[in-house]
Every structure is written in structure tokens, then in C-alpha cells.
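Please work through the exercises below with the sequence and the structure at hand. Each task is followed by a worked solution.

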Amino acid sequence: MIDDNTSEEKRLQESFRQKTWDETVTKDSWMVFKVMSEFVDGYEKLAKIGPCVSIFGSARLKREDKYYKMAVEIAQKITEIGFGVITGGGPGIMEAGNKGAKMGGGKSIGLNIDLPFEQHFNAYIDKSYSMDFDYFFVRKVMFVKYSQGFIVLPGGFGTLDELSEALTLIQTHKIGRFPIVLIGTEFWGGLLDWFANTLLKNGLIKEEDLGLFRLVDSAEEAVAHIKAFYDKYSVSVNF
């Protein structure tokens with residue numbers, strides 16, 4: 001059995017090996033077709049799903065965790081007011097989101113990506129809306145293009161990446177404004193303090209950027225914010 005460290009070292013050595021020009025061009029050219037196929041497949045499958053909200057959060061949170069239970073409740077309530085639910089398709093908060101969507105009788109979409117030790121399809125995704133991606137950036141386009149709102153529960157680097165992507169695209173007017181809801185003052189408070197006391201203080205964001213999201217502590221508040229936003233603004237595609 002190959003030691004994990006040895007295997008990782010071999011991968012690093014291979015990545016640093018000098019490639020010939022022909023190897024580089026050939027690999028990059030074929031990669032373009034793979035990327036295109038993921039975009040086309042995603043567009044074709046998701047174009048008909050109707051208004052949806054994406055639910056993000058850690059794959060590592062267990063079913064007994066309070067945030068898992070809250071994600072189930074949020075997803076159920078979201079579907080009951082007419083939205084489908086999109087998640088990353090895996091375990092943890094993603095599973096909770098898809099489970100709640102099923103309980104609420106709504107569409108349950110899973111955009112999966114293969115990750116070691118962590119990611120696998122959960123059992124609550126509608127089979128017709130279960131997709132597998134190789135490229136994170138293609139998957140993130142699908143989240144943003146076909147979501148009319150983001151609900152973000154506690155998570156790690158992947159969750160932060162998805163949150164930052166949405167905030168950046170709205171801040172730079174690359175997509176239209178849509179509601180972003182952060183769940184858990186206890187969890188997000190330190191980051192939001194850093195936004196205000198470091199980013200804003202140093203002129204790296206504007207005061208108005210702190211209004212791009214809403215921080216809440218209950219499923220009722222999260223769903224109410226999404227509903228209030230679309231009671232005021234009509235639902236449309238993001239770009």
C-alpha cells in the first residue's frame with residue numbers, strides 16, 4: 001500500500017516535470033472541450049428548473065448538528081413558498097438542503113463534484129437534476145446563473161469561496177442583486193467584524209457593500225428575507 005505522503009510527493013514531482021510544448025498544447029486543447037461539455041450539459045439540464053435558492057454549508061456537519069437541522073427546515077420552507085433548492089449535492093448541509101426540499105415537495109437539485117474523503121451524492125436529489133462536475137469554476141457558474149438567492153450556513157473554505165464569488169459578482173455589477181442570507185451570528189460574527197474593522201476601515205470595500213447580505217439566526221428569518229425581496233422585485237435570471 002502506497003503511503004499518502006509518498007503518493008502526494010509523486011503528484012508534486014509530476015506537476016513540476018517540464019512538459020514539452022506539444023504536451024501542453026494538446027492537454028489544454030482537449031480540456032477546452034471538457035469544459036464546454038460541462039457548460040452545455042449544465043445549461044441544458046438547469047434551464048427549465050424555475051426559480052431556485054442555493055443552500056451552502058459544510059459537508060462535514062453531522063445530522064445531529066443544529067445547523068444541519070436548520071438547513072432542513074429552511075429548505076422545506078423555501079420550497080413551500082415556491083422555490084426549488086440547489087445544493088452542492090454532497091453530505092452535511094448539502095444533504096440537509098436536499099432533504100428539506102424533498103420534504104417540502106419542491107425540486108431538489110444537486111451539483112456534485114468529486115472530492116476525496118468528503119463528497120458523494122446524497123440520497124435526496126431528484127434524479128433528473130443530479131449533475132457531476134470536474135471543474136469548480138463551471139459548477140460555480142451554475143450556482144449563480146440558476147439561483148435567485150443564496151442561503152449560507154457554516155462551512156469551510158469551499159463555503160467561503162462560494163460566498164465571496166456571489167458578493168464579488170454583485171458588488172461589481174456583473175450580475176443583478178439577489179438576496180444573500182448568512183445563518184448564525186455566533187459563526188459569522190467574527191468574519192463580519194473583520195469586514196467592518198479591517199476591509200472597510202482600510203478603504204477596501206464601501207459602507208454599502210456591508211448591505212449585500214443579511215445575517216439571521218432562524219429559519220423563519222431566512223425564508224422571510226427571501227420572500228420579502230421577491231415580493232418587491234420580480235424573479236429573473238441572473239445573467
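The exercises that follow concern salt bridges in this predicted model.

**Exercise 1.** Determine how many salt bridges a search of the whole structure finds.

*Solution.* The search of the whole structure yields 10 salt bridges. Three of these pairs are examined below.

**Exercise 2.** Describe the pairing of lysine 34 with glutamate 38, and state where the two residues lie.

*Solution.* Step 1: the two side chains form a salt bridge with an N to O distance of 3.8 Å, and a salt bridge requires a distance within 4 Å.
Step 2: lysine 34 and glutamate 38 are four residues apart in helix 2 (residues 21-46), so about one helical turn separates them.
Step 3: glutamate 38 has 5% relative accessibility and therefore counts as buried, whereas lysine 34, at 33%, is partly exposed.
Step 4: Lys34 and Glu38 also belong to a network of salt bridges that includes Asp134.

**Exercise 3.** Carry out the analysis for lysine 77 and glutamate 73.

*Solution.* Step 1: a salt bridge joins their side chains at 3.9 Å, N to O.
Step 2: both residues lie in helix 3 (residues 66-80), four residues apart, so they are separated by about one helical turn.
Step 3: lysine 77 is partly exposed at 28% relative accessibility, and glutamate 73 is partly exposed at 31%.

**Exercise 4.** Establish which parts of the chain are linked by glutamate 162 and arginine 139, and whether these residues are buried or exposed.

*Solution.* Step 1: the side chains meet in a salt bridge of 3.9 Å, N to O.
Step 2: this pair connects distant parts of the chain, with glutamate 162 in helix 6 (residues 157-171) and arginine 139 in helix 5 (residues 136-145), 23 residues apart.
Step 3: both glutamate 162 and arginine 139 are buried.

Notes: Residues numbered from 1 in each chain as written. Predicted model: local features only at pLDDT ≥ 70, side-chain atom pairs only at ≥ 80, totals over all residues. Heavy atoms only, no water. Buried < 20%, exposed > 50% of the residue type's maximum accessible area, 1.4 Å probe, protein only.
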